[in-house]
Amino acid sequence: MADHPVDEKLPPVKMATTGLQHVAAMYAGVVAPPLIVGAAVGLSGIELTFLTGACLFTAGLATLLQTLGIWKIGARLPFVNGVTFAGVAPMTAIVVATEDKDDALPIIFGAVIVAGLLGFLAAPFFSKAIRFFPPVVTGTVITLIGVSLLPVAFGWAQGSSPTADDFGSATNLGLAAITLVIVLLLRRFTRGFVKQIAVLLGLIAGTLVAIPFGVTDFGPVADADIVGFPTPFHFGAPQFQLAAIVSMCVVMVVSMTESTADMLALGEIVDRPADEKTIAAGLRADTLGSALSPLFNGFMCSAFAQNIGLVAMTRIRSRFVVAAGGGFLILMGLCPIAASLIAVVPRPVLGGAGVVLFGSVAASGIQTLVRAGLDKDNNVLIVAVSLAVGIIPITAPEFYHSFPETAKIILDSGISTGCVAAVLLNLVFNHVGKGRDAQDVTHPMEAGEEIKGARPASAH
C-alpha cells in the first residue's frame, strides 16, 4: 500500500529546496518577536542578533518535534512551528513593568516554561474540543486565518518599517507587484518541480530585481558570524513571577486555540483530517516546544498559519519537507551567516509572495464552506457573524481599546474570537432545539420553503 502524501519522502534536492521555501515564507514572522522584545529590553546589536538566532534555533527544534514526532508528541503533519506573535504584547508589557531590565528576559522565560508545562498537561483535554468543529466551523476558521494574514502581506509590501521614508512608496509596492506577477507566471506556465517552488523562485527573482533600486541590503551577510550557538540561559536563570505567568498562560490558551484551528485547516488541505488524537499530539508538541524553548533563550512556540498557504498552493504535502525546513532553521540558529541570507530578501518582495500564500489559505476555507451546507439559513448566519467578529481586529484595530490588557490578548486575535464565535453559534443554531428551525433558504434574511422530497436538514 502506497504511503499517504503526508508521509512521502522526496528526493534530496527537491526536499531541500521546498523546505527552504517554507523557511523563506515564515522567516519574517520568526524574527519579528525577538527583534521587538529585544529592542524593548534595550539589547545591544550583538545581543539582539543572538536572541534572534536563538528563536530560529528553537523554532527548528519545535518544527522537528511537530513533524517527525516522538511517542504521543507531534501531529506528524507538514506543520511549521515558530515564535507566536500573540506573546509580543504581554512580553513587552512584562518588560515595561520590570524595573531592572536585566531581569526582564529571565522573568519572561520563567513564565513561558510554566505556561508550556501547564499547556502540555492540558493538551489531551483541550483536544476534545474537536467535536465542536464541524465543516461550517472549520471552513469559517480557515477563511479567517487567510484573511487575518493578508494584512501582514500588505504591511510587508509597503516596506520594512512604518517609520521609514520609503514606507508605502511606489518602488516598494512595485517590487511587491513584480514578485506577485513572477509567482503567478511561474505557476501558470511551468510544470512539475519548477511550478512547486514558484514562491522560492519568485523571492529570488524579486530580490535580484530590487538590487538596482537600493532596497536589497547585504549588510546582514557582511556582519554575520559563521558559527554561533545559543548558550543555555545566556540572559540568566529563569525567574518566576505570578503576574507574568498568568499573562503567558492566557497567551498559551490563545495559542492552543489557534493551533487547533490550524491543524484542522491543514488536515483538510492534505486530506488527512486531524482527529482528537492528532490534535492532542500536536498540542503536546507546541507546548513542550514552548517549555523547552527558554532553555536556549527562545520564546513561546506555536503553529505558523502562513505555511499552510504554501502547502495549499504547492500541493506538496510531505511532512518531511517541513522537517527539512526545521533543519534549516536549526542551521540558521547555529550559523548566523546562513540566517542572514534569508534576511537579504526585501520585505516588499516577501509581501508580493505573501498575497498568494495567504490568499490560498482563505480560498481553502471557502472550499470547505462550500461543502458545509450553506444552503441552510443557520449555517449562513454562523458564517456571517463569525467572519464579522473575526475581522474586527483587522478592520477596527482600536475596537477593544477600553478593555483590560489581559482581555485584549484574546480579543485582538481575530482567529481566536472568530473561532469561539463559530463554535458557540453552531451549538446554538444547530444543536440547541435542533430540528425546529433548520430550513433550507435562498437568502439568510428570508424565510425559506422546505425542499420537496428532501430529508430533514441535519446539523453541520
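**Surface, core and salt bridges of the predicted model**

Ile-204 is partly exposed, its relative accessible area being 44%. The model in which this residue was examined is a predicted one. Ile-204 belongs to helix α8, which spans residues 198-210. Together with Leu-208, Ile-211 and Phe-218, Ile-204 makes a nonpolar surface patch of about 380 Å². Because a patch takes in residues with over 30% relative accessible area, Ile-204, at 44%, meets that condition.

The chain as a whole contains 19 helices and two strands. Of its 460 residues, 54% are buried. The chain exposes about 19800 Å², and carbon and sulfur atoms supply 67% of that area. Among contacts between residues at least 6 apart in sequence, 83% join residues at least 24 apart.

The largest nonpolar core comprises 94 residues, and those with the most contacts inside it are Leu-105, Ile-108, Ile-145, Met-248 and Phe-299. Helix α10 (residues 242-269) gives the most to this core, contributing twelve residues. A separate core of five residues lies apart from it, with Leu-10, Met-15, Ile-316 and Val-321 among its members. Within the largest core, Ile-108 is one of the residues with the most contacts. When neighbours within four places in sequence are left aside, Ile-108 is in contact with Val-37, Met-91, Ile-94, Val-95 and Phe-299.

Met-300 is located in the loop between α11 and β2 (301-303). With a relative accessibility of 2%, Met-300 counts as buried, since the term applies to values under 20%. Beyond its neighbours within four places in sequence, Met-300 is in contact with Gly-82, Val-83, Thr-84, Val-112, Ala-115, Met-248, Val-251, Met-252 and Ser-290. The C-alpha atoms of Met-300 and Ser-255 are separated by 9.0 Å, the two residues being 45 apart along the chain.

Asp-286, a residue of helix α11, is likewise buried, with a relative accessible area of 2%. Its side chain is joined to that of Gln-66 by a polar contact of 3.1 Å. Gln-66 also appears among the contacts of Asp-286 outside the four nearest places in sequence, along with Asn-81, Ser-259, Cys-301, Ser-302 and Ala-303. For Cys-301, which is 15 residues from Asp-286 along the chain, the C-alpha separation is 6.1 Å.

Thr-67 lies in helix α2 (residues 45-67) and is buried, at a relative accessible area of 0%. A polar atom of the Thr-67 side chain lies 2.8 Å from the backbone oxygen of Thr-63. Not counting residues up to four places away in sequence, Thr-67 touches Arg-76, Leu-77, Phe-79, Arg-319, Val-322 and Ala-323. Of these partners, Arg-76 lies in the loop between α2 and β1 (81-83). Arg-76 is partly exposed, at 25% relative accessibility, and has a positive phi of about 55 degrees although it is not a glycine.

The model contains five salt bridges. In one of them, Asp-7 pairs with Arg-319, the closest N and O atoms being 2.8 Å apart. Asp-7 lies in the segment before α1 (12-41) and Arg-319 in helix α13 (residues 319-334), so this pair ties together parts that are 312 residues apart in sequence. Arg-319 is buried, with a relative accessible area of 13%. Asp-7 and Arg-319 are also linked with Arg-272 in a network of salt bridges.

A further salt bridge connects Lys-128 with Glu-276, with 3.1 Å between the closest N and O atoms. This pair links distant parts of the chain, 148 residues apart, with Lys-128 in the loop between α4 (104-126) and α5 (135-158) and Glu-276 in helix α11. Lys-128 is partly exposed at 37% relative accessibility, and Glu-276 is partly exposed at 29%.

The side chains of Arg-315 and Asp-271 meet in a salt bridge with an N to O distance of 4.0 Å. Here too distant parts of the chain are linked: Arg-315 is in the loop between α12 (306-314) and α13, and Asp-271 is in the loop between α10 and α11, 44 residues apart. Arg-315 is partly exposed, with a relative accessible area of 42%, and Asp-271 is partly exposed at 49%. Asp-271 has a positive phi, near 60 degrees, in a residue other than glycine.

Methods:
Residues are numbered from 1 along each chain as its sequence is written. This is a predicted model: local features need pLDDT of at least 70, side-chain atom pairs count only at pLDDT 80 or more; totals for chains, interfaces and linings use all residues. Side-chain values use heavy atoms; hydrogens and water are left out. Patches are made of residues with over 30% relative accessible area and no salt bridge: like charges are joined within 9 Å, nonpolar side chains (Val, Leu, Ile, Met, Phe, Trp, Tyr) within 5 Å. Accessible areas come from the Shrake-Rupley method with a 1.4 Å probe; for residues, only the protein chains shown count as cover. Helices (H or I, at least four residues) and strands (E, at least two) are DSSP runs, numbered from the N terminus. Buried means under 20% relative accessible area, exposed over 50%, partly exposed in between (1.4 Å probe, protein chains only). Contact means heavy atoms within 4.5 Å. A polar contact is a pair of N or O atoms within 3.5 Å; within protein, one must be able to donate a hydrogen and the other to accept it, and residues adjacent in sequence count only if both atoms are side-chain atoms. A nonpolar core is a set of buried Ala, Val, Leu, Ile, Met, Phe, Trp, Tyr and Cys residues joined through side-chain atoms within 4.5 Å.
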